Amino acid sequence: MTTTTLALIPLLPLLAAALTCGLQNGRRAAGVAIAAMLGSCGLALAAFNEAWGMAAGAHKTFNFEWLTVGDTAIPLGFVLDPLNGAMLAMVTFIGLLIFIYSAGYMKDDERMARFFCYLSLFAAGMLGLVLANSLLLLFMCWEIVGVASYLLISFWFHKPEAAAAGKKAFIVTRIGDMGFLIGILLAFKTTGTLTLYDGGQGLLETLPSGMVWGMQASGLISLLLFMGAIGKSGQLPLHVWLPDAMEGPTPVSALIHAATMVAAGVFLVARAIPLFEAGDTLPVVAWVGAITALVAAFIALGQYDLKRILAYSTVSQLGLMMVGLGVAGVSVGMFHLLTHAFFKALLFLGAGSIIHGCHEEQDIRKMGGLAKPMPVTTIAYLCGTLALVAFPFTSGFFSKDEILAGAWATNQPVFWIAAAASLLTAVYMTRQCMYVFPGTHRGAHTPHESPRIMTVPLVILALFALGLGGLAKDSVLAKLPGEAAQHETIVIVVSIAVALGGIALGWLIYRGRALGQAADPLAVTPLVRKLWFDELYAATVGRLWSLAIIIAEQLNELLLRVRDLAVLLADRTGNAFAIGGDRKLIDTLAFDGMCNRLRSAGHAVTRPQNGFLPGYLRLIALGAVALGVLVFWIK
Amino acid sequence: MTLHHYLILAAVLFCVGLMGAFTRRNAIVVLFSVEIMLNAANLNFIAFWRYSDNPELLHGPMFTLFAIAVAAAEVAVGLALVIAVYRHFKTVDLESMNTLRE
């Protein structure tokens with residue numbers, strides 16, 4: 001791998017984005033985008049192969065100078081190590097499958113070409129983010145990803161909800177990004193470099209020392225970076241944008257809001273983990289993650305929208321990844337990120353297939369009885385569900401088990417919270433499946449299976465969702481930094497008990513109910529209303545905003561009064577002067593006299609400006625002679 | 001023949017050119033006059049070079065060659081301007097071009 005080949009990984013999708021933005025034909029755009037993604041995927045797999053051959057903890061850097069301002073050179077660069085090698089392979093592979101799926105899903109949309117342009121832009125940003133060896137480059141790609149996500153969420157902008165959701169996502173993540181940016185500036189101030197690895201000189205190698213604002217520098221910087229991760233990865237309290245982001249097309253939900261973009265925050269924490277270790281802020285990460293996992297799992301219990309349930313589930317699982325990073329280091333958190341990316345992409349694409357088959361219906365109360373007409377989707381979806389609830393020997397089981405074991409070893413309250421979140425996960429997924437698959441269909445249209453271009457990616461992802469965990473576990477844990485904890489018996493027992501218990505609980509609650517007609521026992525008001533987070537923000541931030549507006553208006557009013565007063569005062573003073581004989585002095589003598597003099601001077605000056613060209617030439621010659629005489633004379 | 005002879009000739013040439021530029025109304029003749037002035041300057045260069053202490057340095061001819069090349073370009077531009085003016089006003093009489101006055 002050289003700098004060029006590494007750079008091509010994000011540049012190929014970027015090129016595709018540039019090409020497709022001018023295309024009208026949707027199928028051609030899809031072809032271009034998929035071809036670029038295929039090339040990128042090939043290169044990424046080569047990079048992954050090389051990275052996986054490295055020793056654990058090793059890395060290769062590819063730095064280059066970006067621009068020079070005065071004496072300061074700003075270096076950018078790429079890094080390749082097992083952490084981002086695995087991430088690259090995952091992002092490009094899942095991205096490729098989702099691109100293919102989108103070609104089927106979006107084929108009736110008249111803005112399909114534009115859709116692939118945005119998707120490619122997103123992929124470029126995401127891959128650049130993963131490869132970056134500089135906080136600056138990482139931040140730039142981070143923002144490209146944010147913009148692409150905004151464009152994709154509000155892709156159907158004629159729907160007011162979608163437009164609002166895009167705006168919400170952009171603004172809420174911006175709050176986190178502000179912290180991220182401050183963290184970057186602070187890091188540059190304390191260490192003078194933003195390059196992560198630079199042969200012993202990089203930010204993660206020297207680590208900022210000293211105190212800033214009464215806190216340890218590395219601790220403060222890591223917390224500020226974590227703020228960016230909170231925004232991007234939908235952690236409490238900035239998780240509110242992620243469920244609303246489901247207004248976008250389903251492949252977008254799968255690609256951006258399940259598999260890759262939201263993982264960017266987790267990836268950032270994993271990338272910068274030396275900072276967190278030096279600053280001793282990993283417990284904060286673990287606690288935020290644990291609380292997020294539990295709260296989001298609770299809210300998911302009471303939702304009726306198929307994709308919204310999955311969205312809250314994503315928030316909850318991202319929380320678990322943060323727990324993994326917080327209690328057991330990079331390997332455990334990233335392992336869950338990788339397995340989750342596959343089964344959550346599968347679930348979202350399955351949900352897209354279901355929604356497509358039910359004629360754009362997203363309400364699970366109007367589904368039911370889909371097992372017969374949609375067999376492939378159903379089986380694939382159930383595979384994803386099993387992986388998500390950590391059914392023994394699916395991939396989710398292995399990764400969640402590592403998180404729970406790590407939590408048990410270092411932070412037992414977090415362990416119990418994470419276990420409770422896992423139990424709730426099993427309950428809400430069982431509830432969802434009970435609504436969707438068995439029984440008779442409750443919707444108005446007859447459901448139908450999706451075309452092959454959509455089901456084939458589902459099947460591939462289903463195989464990964466079931467098998468990846470067991471196959472990849474040992475090498476992931478060995479190659480990535482951080483050490484897995486010893487598996488106590490109680491951890492394994494609890495882990496299996498919550499998965500099976502949750503499924504049983506869900507089955508007991510929903511067995512034999514008239515779903516869709518009778519009231520739902522779990523959809524109680526607080527959960528349906530998402531624990532009033534939106535209302536809370538409307539009541540606090542929104543009201544503060546209104547208050548600020550009122551204050552600003554009052555200030556404005558005050559300013560207007562002051563202005564009127566000043567004008568009045570000036571008026572009075574002016575009158576007083578005018579009456580005191582100034583009219584004569586100024587008007588007749590100074591003003592009129594001056595005017596007359598100016599006018600005659602003007603006449604005198606305009607006389608040579610008569611438009612007679614040789615006359616001008618004469619004046620120029622005269623001037624030249626005068627100048628010559630002057631020079632001669634001065635000398 | 002001393003340096004002064006050449007300088008006086010150049011001065012006379014320059015004055016002839018200057019007077020032509022001042023008094024003639026035909027734009028093309030004015031252009032000629034400007035060229036005469038330039039050549040007066042070139043003559044000065046050559047004269048000063050010829051009577052300088054080390055004429056082997058060839059500064060004067062080089063300067064003059066440059067001036068001639070530039071003058072050629074300048075004449076091309078000037079003539080193009082005159083043609084453009086002629087197309088616009090249907091005359092090259094400088095006194096009738098007085099639109100600047102308005």
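Helices α2(B) and α3(B) are roughly antiparallel to each other, because their axes cross at roughly 175°, and an angle over 145 degrees counts as roughly antiparallel. The model is predicted. The points below cover this helix pair, the contact between chains A and B, a buried helix of chain A, and a loop of chain A with two positive phi values.

**The α2–α3 pair of chain B**

- Helix α2 of chain B spans residues 27-50 and helix α3 of chain B spans residues 59-89; their axes come within 10 Å.
- On the α2(B) side, the residues that meet α3(B) include B:Ala27, B:Leu31, B:Leu38, B:Phe45 and B:Trp49.
- On the α3(B) side, the residues that meet α2(B) include B:His59, B:Phe63, B:Ala67, B:Ala71, B:Val75 and B:Val85.
- Sorted by class, the residues of this contact are 17 nonpolar, 5 polar and 1 charged.
- B:Glu35 of α2(B) takes part in the contact, as does B:Asn42 of α2(B).

**B:Leu65 in helix α3 of chain B**

- B:Leu65 lies in helix α3 of chain B, and its C-alpha atom is separated by 8.7 Å from that of B:Asn42, 23 residues apart along the chain.
- B:Leu65 has 13 C-beta neighbours inside 10 Å and therefore counts as partly exposed.

**Contact between chains A and B**

- In the contact between the two chains, 8 residues of chain A meet 10 residues of chain B.
- The chain A side of this contact consists of 5 nonpolar, 2 polar and 1 charged residues.

**Helix α3 of chain A**

- Helix α3 of chain A covers residues 82-105, a run of 24 residues.
- From first C-alpha to last, α3(A) reaches 34 Å, close to the 34 Å expected at 1.5 Å a residue.
- Because 24 of its 24 residues are buried, α3(A) is largely enclosed by the rest of the structure.

**The α16–α17 loop of chain A**

- Most residues other than glycine have a negative phi.
- A:Ala390, in the loop between α16 (375-388) and α17 (395-410) of chain A, has a positive phi near 60°.
- A:Phe393, in the loop between α16 and α17 of chain A, has a positive phi of about 70° although it is not a glycine.
- A:Ala390 counts as buried, with 29 C-beta neighbours inside 10 Å, whereas A:Phe393 is exposed, with 12 other C-beta atoms within 10 Å.

How values were computed
Residues are numbered from 1 along each chain as its sequence is written. Chains are lettered from A and ligands numbered from 1 in the order in which they are written. This is a predicted model: local features need pLDDT of at least 70, side-chain atom pairs count only at pLDDT 80 or more; totals for chains, interfaces and linings use all residues. Two residues are in contact if their C-beta atoms, placed from the backbone, lie within 7 Å. Ala, Val, Leu, Ile, Met, Phe, Trp, Tyr, Cys and Pro count as nonpolar, Asp, Glu, Lys and Arg as charged, and the others, Gly among them, as polar. Axes are lines fitted to C-alpha atoms, for helices over the stretch in contact, and angles run from 0 to 180 degrees between N-to-C directions. Helices (H or I, at least four residues) and strands (E, at least two) are DSSP runs, numbered from the N terminus. Angles under 35 degrees count as roughly parallel, over 145 as roughly antiparallel, 65 to 115 as roughly perpendicular and the rest as oblique. The expected span of a helix is 1.5 Å times one less than its number of residues. A residue is buried if 20 or more other C-beta atoms lie within 10 Å of its own, exposed if 12 or fewer, and partly exposed in between; C-beta atoms are placed from the backbone.
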